[in-house]
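Reader: Hello! I'd like a close look at one sheet, strand by strand, and then a tour of a few other spots. Could you take me through it in one go?

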Amino acid sequence: MEERSRLCSVWLGSETGILKGVSLDRKQAFNFCNTRTLSREQEVRALCWGDPAESELLLGCLDGTVRTFSTEKGVFTEARSCGDPQEGCFSGLASLRGSAVITCVECGKLRVWREDSSRPVAELDAGSSVCRMRQSPVDPNRVATGGKENGLKIWDLERPEKPVFTAKNLRDDWLDLRRPHWVRDMAFIPESDKVVTCTGYHQVHVFDPSSPRRRPVLEAEFGEYPLTALSLPAAGHTVVVGNTQGQLALLDLRKGLVRGVLKGLSGGVRALQCHASQPLVASCGLDRFLRIHSLEDRKLQHKVYLKSRLNCLLLASRELQGGGAAEGGAEQEVKEEEEDEVWDSMERVEEAAMKRKPGGGEEVKKKKKKAGD
């Protein structure tokens, strides 16, 4: 029971600028925001931990500010400008050595900020149209970037003059036509130097920086729609990917085969995260739901409606502390509904049409009664 409680807290960032905390163990959800200044410019585009103890959350907002939230006090403690909104949204956010912050925006400006400085202490150009920046969980100074017509690059922030790895363009197709590339998300594969990416052309690629080819050592595809997010489970050589149509799939990184599909989503996936030690994956996106699936039997474990479109999420290993009212937030009830109950509560089209006819309401009642008999 103790092990299970460590996965029951989830933090999410929304389009409305509200930070949401969900405790599935206690069936509670909290909105953390300052209602006096809340606006769409504060839309939360990125989340990361500010320290290994998970006592601080860093939020990358649409207006170029990075806000610090204390998970122990339940309040925002700091806000600092880390970019110009004209440079684009945050495509990545990470902490470095506790007091430093790494930011990356869509135009490709990747910067390192220290707590005691209003100017970046390091800056590099990762190329235009960057969709995602990810930090290595093993080496905090190593980050990966990629975007539309901007292939995978791996950087060492201690030597930022040029990337330590730059992926080559994909080989031409069977008609000798150039294949476009569009990196949407990536992750460093544990216990190796490899990096896995997903693309806007429903592809999954594995790159090995130690390989002289600099092209994918594995190519796989899932579905027909753009892939938007991925995450690596704790056990096994697999990856979970999500696309713009609300489809989640588990792919084998050794053979490139689809091992299973996770069902239940009804909107584009914007964020995924697998649990660090258990076979679980959390997802969120345009349909305003937080969902947690089991990767063993692929069944839906939790489904929580959170009222706002969701951009990002973080699983917490410590229990959520209440107290959202301190920043103008409020507690909301956690509602977990089964899919069938939602559909059963909706009115059928033919029934609505019959009700509009004279005496149609009685006909509908008779049909329902007959069906019940």
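Author: Happy to! Two strands count as paired when DSSP finds at least two bridges between them. With that in hand, and remembering that this is a predicted model, let's start with the sheet. Four strands make up an open sheet, in the order β24-β25-β26-β27, and their pairing is antiparallel. At its edges are β24 (269-274) and β27 (300-305), each of which pairs on one side only. From one strand to the next, the twist averages 15 degrees.

Now take the edge strand β24 and its partner. β25 covers residues 280-285, and five bridges join it to β24, with the two strands running antiparallel. Within this pair, Gln273 stands opposite Ala282 of β25. If you follow side chains along a strand by eye, keep in mind that in a regular strand they alternate between the two faces of the sheet.

Our next stop is Arg132. This residue belongs to strand β12, which covers residues 130-135. Is Arg132 buried or exposed? Arg132 counts as buried because its relative accessibility is 17%, and the cut-off for buried is under 20%. The side chain of Arg132 makes a polar contact of 3.3 Å with the side chain of Asp185. Leaving aside residues up to four places away in sequence, Arg132 also touches Arg270, and its other contacts include Ser91, Thr145, Arg184, Met186 and Thr228.

For a second antiparallel pairing, look at β4 and β5. Strand β4 (residues 44-49) is mostly covered, with five of its six residues buried. Five bridges link β4 to strand β5 (residues 56-61) in the antiparallel sense, and Trp49 stands opposite Leu57 in β5. Together β4 and β5 form a hairpin, with six residues between them. In that turn, Glu54 has a positive phi of about 60 degrees.

Last, the cavities. A search of the whole structure turns up three of 30 Å³ or more, and the largest has a volume of about 110 Å³. Its lining consists of 13 residues, and those nearest the centre of this largest cavity are Gly151, Leu170, His181, Val183 and Phe207. The elements giving two or more residues to that lining are β14 (150-156), β17 (195-199) and β18 (203-207). Of the contributions to the lining of the largest cavity, that of β18 is the most, at three residues.

Technical notes. Residues numbered from 1 in each chain as written. Predicted model: local features only at pLDDT ≥ 70, side-chain atom pairs only at ≥ 80, totals over all residues. Heavy atoms only, no water. Buried < 20%, exposed > 50% of the residue type's maximum accessible area, 1.4 Å probe, protein only. Polar contact = N/O pair within 3.5 Å; in protein donor to acceptor, adjacent residues only side chain to side chain. Contact = heavy atoms within 4.5 Å. Axes fitted to C-alpha atoms, helices over the stretch in contact; angles between N-to-C directions. 1 Å grid on protein atoms, 1.4 Å probe; cavity = no way out; pocket = protein on both sides within 12 Å on 5 of 7 lines; lining within 4 Å. Points joined across faces, edges and corners; volume = space filled by probe spheres on them.
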